[in-house]
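Please read these notes with the model open beside you. Each point takes up one topic.

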Amino acid sequence: MNVLLWLMLVVLVILALKKKARSTLDQAQTRQVPPEQAPSRPAAKAETMVCCAHCQVYLPASEAIYAGEQAYCSQAHADHA
Ligand SMILES: [Zn+2]
């Protein structure tokens with residue numbers, strides 16, 4: 001009978017430790033998740049794309065050649081228009 005009592009006590013201690021370990025793990029996860037989601041991918045890096053008025057190729061606005069209101073992929077296409 002005494003052995004059974006000790007066995008129950010040991011099981012209870014193990015269960016309590018497991019519960020504590022799980023709760024600390026949950027805390028660590030909830031603490032870690034926000035920083036992973038938080039780093040906002042800088043949307044500013046996505047540059048505006050413009051379409052060449054001559055060949056309809058898309059290119060970054062900073063690399064486009066402008067003739068009037070139209071954007072072109074190269075000087076040749078700008079001259080061609
Ligand atoms: Zn073009």
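1. Surface. About 7,100 Å² of the chain is exposed, and carbon and sulfur atoms supply 63% of that area. Keep in mind that this is a predicted model. Of the chain's 81 residues, 12% count as buried.

2. Layout. The chain has 2 helices and 4 strands. Starting at the N terminus, the order is α-β-β-β-β-α. Take the contacts between residues at least 6 apart in sequence: 4% of them join residues at least 24 apart.

3. The zinc ion. Which residues coordinate the zinc ion? Three cysteines and a histidine do: C52, C55 and C73 each use SG, and H77 uses ND1. The distances run from 1.9 to 2.3 Å. In sequence, the donor residues follow the spacing C-x2-C-x17-C-x3-H. Two of them, C52 and C73, link distant parts of the chain, 21 residues apart. C52 sits in the loop between strand 1 (49-51) and strand 2 (58-60). C73 sits in the loop between strand 4 (70-72) and helix 2 (75-80).

4. Geometry of the site. The angles among the 4 donor atoms are 97 to 119°. Four donors count as tetrahedral if all angles lie between 85 and 135 degrees. The site of the zinc ion is therefore tetrahedral. For comparison, the ideal angle for four tetrahedral donors is 109.5 degrees.

5. Two cysteines, two settings. Is C52 buried or exposed? C52 is buried, because its relative accessible area is 0% and the cut-off for buried is under 20%. C73 has 24% relative accessibility, so C73 counts as partly exposed.

6. The nonpolar core. The largest nonpolar core has 8 residues. They are V50, C52, L59, A61, A64, A71, Y72 and A78. Note that C52 is in this core and is also a donor to the zinc ion.

7. A61 and E47. A61 belongs to the core as well. Setting aside neighbours within four places in sequence, A61 is in contact with E47, T48, V50 and Y66. E47 lies in the loop between helix 1 (2-37) and strand 1. E47 and A61 are 14 residues apart along the chain, and their C-alpha atoms are separated by 7.1 Å.

8. More on E47. Leaving out neighbours within four places in sequence, E47 is in contact with P60, A61 and S62. The side chains of E47 and S62 are joined by a polar contact of 2.5 Å. How accessible is E47? Its relative accessibility is 39%, so E47 counts as partly exposed.

Terms used. Residues numbered from 1 in each chain as written. Predicted model: local features only at pLDDT ≥ 70, side-chain atom pairs only at ≥ 80, totals over all residues. Heavy atoms only, no water. Donors = N, O, S within 2.8 Å, 3.2 Å for Na, K, Ca; no water. Tetrahedral: all angles 85-135°; square planar, octahedral: opposite > 155°, others 65-115°. Buried < 20%, exposed > 50% of the residue type's maximum accessible area, 1.4 Å probe, protein only. Core = buried A, V, L, I, M, F, W, Y, C linked by side-chain atoms within 4.5 Å. Contact = heavy atoms within 4.5 Å. Polar contact = N/O pair within 3.5 Å; in protein donor to acceptor, adjacent residues only side chain to side chain. Areas by Shrake-Rupley, 256 points an atom, 1.4 Å probe, with all protein chains shown as cover.
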